[in-house]
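Q: Please take a close look at a single part of this structure and explain how that part is placed among its surroundings. A plain, connected account would suit me best.

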Amino acid sequence: MKKTAILLIHCPDQTGLVAAVTDFLHRNNGNVISLDQHVDRQAGRFFMRVEWELEGFNIPAEKIDEYFGTLIGQKYQMEWQVHLSARKPRMAIFVSKMSHCLYDILQRCMSGEWEVDIPVIVSNHENLRYIAERFEIPFEIFPITKANKAEQEQREIELMRKLDIDFIVLARYMQILSDDFVAAFPNQVINIHHSFLPAFKGAKPYHSAFNRGVKVIGATSHYVTADLDEGPIIEQDVRRISHKDSIRDLIRIGKDLEKVVLARAIWLEIQHKILPYQNKTIVFD
């Protein structure tokens with residue numbers, strides 16, 4: 001597969017933006033293979049994702065960010081990211097005691113479905129160490145209490161930095177991250193919430209849903225922010241249920257949804273198709 005570069009952009013909407021970007025690529029012999037754009041008219045904001053082949057491109061890969069910023073980005077007040085397909089994203093997984101999302105993630109990685117590295121699995125419990133050992137992935141334990149939470153999270157942050165982690169996946173990690181931890185990884189922590197947000201929050205959403213007699217249940221994947229379960233939503237899905245379904249049925253169906261919704265969010269992250277802005281996301285095709 002040919003090596004490519006991906007440019008994610010957002011800036012104040014104005015005339016000539018698409019032309020400026022595509023002209024920059026054309027002048028440097030860049031063959032565009034994908035381009036998607038969106039204008040939020042209410043916010044007056046322009047969003048764009050463009051991918052092009054690096055073979056024959058006049059600018060060295062390591063200089064693209066600098067050249068683009070100097071020639072285009074600064075002129076149009078853009079915020080931009082450059083990603084190279086040659087570099088595999090590095091993903092850390094945080095877990096507690098539930099294994100269904102972890103197994104699903106590891107199966108997708110080991111089967112070659114995803115091009116991503118997993119340098120570490122982090123947990124606050126020993127329960128899932130056997131899975132990490134089975135897949136030969138380092139497993140690090142950070143037991144967390146009220147007394148040691150700040151210290152342990154600082155150790156986790158240091159580990160993430162040491163391993164050059166690009167993003168973190170909370171695969172049913174049953175700990176609330178502190179504001180300091182979240183601030184260290186802005187829009188880099190993906191969570192799966194076992195509910196179709198914003199309804200039925202809390203520790204037992206399926207019980208709440210059952211008691212309300214709902215007709216659909218769902219799952220939500222979102223970036224983690226300091227506001228619990230209020231971060232930018234990446235992916236959601238629902239499944240119809242009926243009065244015949246027990247709480248046990250809801251939990252079983254819900255686990256399936258959690259796996260699929262989290263997997264979709266991770267795939268979008270790996271493909272660099274998500275552009276967060278304020279408390280929303282633009283998810284490109």
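A: The axis of a helix, as used here, is a line fitted to C-alpha atoms over the stretch in contact, and angles run from 0 to 180 degrees between N-to-C directions. Two packed helices are described by the angle between their axes and the distance between the axes. The model is a predicted one, and the part chosen is helix α3, which covers residues 100–110.

The partner to begin with is helix α8, residues 247–270. The axes of α3 and α8 cross at roughly 45° and come within 9 Å of each other. With that angle, α3 is oblique to α8. The crossing of these two helices is right-handed.

The residues that meet can be listed from each side. From α3 they are His 100, Cys 101, Asp 104, Ile 105 and Arg 108. From α8 they are Lys 255, Glu 258, Lys 259, Leu 262, Ala 263 and Ile 266. Sorted by class, this contact of α3 with α8 has five nonpolar, five charged and one polar residue. An α-helix has 3.6 residues a turn, so residues three or four places apart point the same way.

Next comes the question of cover. A residue is called buried when its relative accessible area is under 20%. Eight of the 11 residues of α3 are buried, so this helix is largely enclosed by the rest of the structure. The buried residues are His 100, Cys 101, Leu 102, Asp 104, Ile 105, Leu 106, Arg 108 and Cys 109. The cover over these buried residues of α3 includes the helices α4 (129–134) and α8, together with β5, β6, β8 and β9 (189–193).

One residue outside the helix also touches α3. Arg 172 has its place in the loop between β8 (167–170) and α6 (179–184). Its relative accessibility is 7%, so Arg 172 counts as buried. Leaving aside neighbours within four places in sequence, Arg 172 is in contact with His 100 and Cys 101, two of the α3 residues that meet α8. Arg 172 is also in contact with Glu 258, a residue on the α8 side of the helix contact. The other contacts of Arg 172, with the same neighbours left aside, are Val 95, Ser 96, Met 98, Ile 192 and His 194.

What follows α3 in the chain can be described as well. The helix is followed by Gly 112, whose phi is positive, near 90°. Glu 115 lies in the loop between α3 and β6 (117–123). Side chains of opposite charge can pair when their charged atoms come close. Such a pair is formed by Glu 115 and Lys 88, whose side chains meet in a salt bridge of 3.7 Å, N to O. Lys 88 lies in the loop between β4 (79–84) and β5 (90–95), so the pair ties together parts that are 27 residues apart in sequence. Both partners are partly exposed: Lys 88 has a relative accessible area of 37%, and Glu 115 has one of 47%.

This bridge is one of 18 salt bridges in the structure. Another joins the side chains of Glu 126 and Arg 129, at 2.7 Å, N to O. Glu 126, at 46% relative accessibility, counts as partly exposed, and Arg 129 is partly exposed too, at 26%.

Notes
Residues numbered from 1 in each chain as written. Predicted model: local features only at pLDDT ≥ 70, side-chain atom pairs only at ≥ 80, totals over all residues. Heavy atoms only, no water. Helix = DSSP H or I, 4+ residues; strand = E, 2+ residues; numbered from the N terminus. Parallel < 35°, antiparallel > 145°, perpendicular 65-115°, else oblique. Left-handed = near helix turned anticlockwise from the far one by under 90°. Contact = heavy atoms within 4.5 Å. Nonpolar A, V, L, I, M, F, W, Y, C, P; charged D, E, K, R; others polar. Buried < 20%, exposed > 50% of the residue type's maximum accessible area, 1.4 Å probe, protein only. Salt bridge = Lys/Arg side-chain N within 4 Å of Asp/Glu carboxyl O.
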